[in-house]
Amino acid sequence: MDSILVKGGSALSGEIEIAGAKNAALTLMPVTLLSDEPLTLTNSPRLSDIKTMSALLKSLGTEVSSMQDGKTIVLSSHGLNSTHADYEIVRKMRASNLVLGPLLAREGHATVSLPGGCAIGARPMDIHITALEAMGAEIELKDGYLHAKTNGGLKGNLVPLRFASVGATENVLMAATLAKGTTVIENAAREPEIVDLARCLKAMGAQIEGEGTSRIEIQGVDRLHGATHRVVTDRIELGTYMLAPVIAGGEVECLGGKLELVQSFVEKLDASGVSVEETARGLKVKLNGDRPKAVDVVTEVFPGFPTDLQAQMMAMLCFADGTSVLEEKIFENRFMHAPELMRMGAKIDVHGGTATVTGVETLKGAPVMATDLRASVSLILAGLAAEGETLVNRVYHLDRGYERVEEKLGAVGAKIERIKGE
Ligand code: EPZ
């Protein structure tokens with residue numbers, strides 16, 4: 001297993017290219033199952049999760065090829081030979097459950113493993129199940145698999161979500177494009193990745209209105225044709241790299257960054273004394289003064305503060321002048337980075353879903369353990385400013401969601417290298 005070694009103390013300067021969004025690509029790739037014509041995705045990120053989704057789709061019979069050193073993916077599902085998403089793949093990546101809606105819409109049946117828990121929570125699928133049942137699916141849980149089928153195909157219906165689940169919204173949105181009649185999703189998730197998914201589906205002939213609001217209306221059509229779609233910029237990678245110069249010092253321009261992708265995050269940066277300047281090519285970020293100010297953060301569904309930036313924000317607040325309270329309201333166990341940051345000298349008090357961070361002038365480098373994707377990168381961010389060396393182990397978590405992090409940060413002056421494991 002590889003590790004990443006960071007030597008703290010180097011201010012940053014230069015540009016970081018922000019890649020296409022992992023969480024958009026992972027819902028765009030299963031869209032291939034809805035059509036027998038090719039779907040081409042450009043600006044796709046080069047990540048291990050993308051390889052996992054490719055493997056899953058190939059196991060169903062989709063042909064997947066990539067070009068332009070992985071940034072363009074062509075998917076073709078003219079003939080499927082399976083509707084079984086196996087536990088061995090699904091347990092590695094929860095987003096595999098996004099084949100459920102498309103398989104039901106295309107084939108009328110699917111056997112999809114429940115993902116099982118992961119580091120940040122139990123990750124149930126009750127909202128997906130209730131929603132698809134409202135559209136006429138019969139879904140039974142047996143030996144860890146969801147056995148789903150429809151008699152006569154999915155039917156449009158009113159589908160209220162008890163919680164604005166991103167994945168459930170995506171599964172229903174994809175399924176509804178080929179259902180008979182009209183589907184209305186109430187309390188739909190509003191994340192930019194949902195809007196990007198709708199944009200791709202409409203380019204394929206789907207009839208969708210209201211994406212990006214809490215109410216999405218879909219008129220089912222008989223078939224979808226092929227399309228070429230550019231994956232939206234990754235707002236979580238963007239927010240992550242915006243914090244790098246705030247923590248390490250200096251100024252970085254995040255190419256491809258757009259304010260509307262990170263509005264609530266930037267409001268918190270403004271409050272902590274960070275300047276964010278819109279340029280022709282992205283967002284230029286630097287800290288005013290020598291320490292960020294403490295701010296309180298509550299994670300919410302979009303457009304609120306994103307849970308996927310909570311760990312990174314905590315890393316920044318460890319250095320802030322004052323005490324910050326972070327409330328994690330989306331996942332039940334998303335503070336695993338806190339004990340690792342405390343090994344570096346951070347002062348953090350965790351009680352249930354609330355973490356109180358008392359800022360300190362500096363942290364001390366230490367060997368630390370990555371536990372989940374966003375926790376891993378928060379440890380690297382902290383290491384950029386910690387005294388001495390920080391060795392982040394188990395970076396396979398990191399490679400799921402960040403392409404070549406040591407190259408991107410190294411190119412703007414960070415002292416960072418990957419140490420190949422056995
Ligand atoms: C997506 O996960 C993202 N993953 C997550 O990013 C992100 O943290 C999450 O949305 C919230 O924004 C992808 O897009 C691939 P949810 P998803 O359904 O769809 C509960 C990352 O780091 N819930 O909105 O699984 C669930 O347990 C990852 O890139 C149910 O109870 O998120 C959680 O507490 C991590 N029942 C909350 O809702 C359900 O049926 C949010 O889940 C579904 C969800």
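1. Which residues line the largest cavity? They are Ala-21, Asn-23, Glu-193, Asp-234, Arg-235, Ile-236, Asp-308 and Arg-374. A cavity here is a set of points, on a 1 Å grid over the protein atoms alone, where a 1.4 Å probe fits but cannot get out, and lining residues have an atom within 4 Å of a point.

2. The model is predicted: local features need pLDDT of at least 70 and side-chain atom pairs count only at pLDDT 80 or more, while totals for chains, interfaces and linings use all residues. Residues are numbered from 1 along each chain as its sequence is written, and side-chain values use heavy atoms, with hydrogens and water left out.

3. The largest cavity holds about 40 Å³ of space, a volume being the space filled by probe spheres set on the grid points, which are joined across faces, edges and corners. Its lining comprises five charged residues, two nonpolar and one polar.

4. The second largest cavity holds about 30 Å³. Among its lining residues are Pro-45, Leu-47, Asp-234, Tyr-402 and Glu-403. Asp-234 thus appears in the linings of both cavities.

5. The largest nonpolar core has 74 residues, and Val-31, Leu-57, Met-135 and Leu-201 are among those with the most contacts inside it. Such a core is a set of buried Ala, Val, Leu, Ile, Met, Phe, Trp, Tyr and Cys residues joined through side-chain atoms within 4.5 Å; buried means under 20% relative accessible area (1.4 Å probe, protein chains only). Another core, of 67 residues, lies apart from it and includes Leu-287 and Ile-416.

How values were computed. 1 Å grid on protein atoms, 1.4 Å probe; cavity = no way out; pocket = protein on both sides within 12 Å on 5 of 7 lines; lining within 4 Å. Nonpolar A, V, L, I, M, F, W, Y, C, P; charged D, E, K, R; others polar. Buried < 20%, exposed > 50% of the residue type's maximum accessible area, 1.4 Å probe, protein only.
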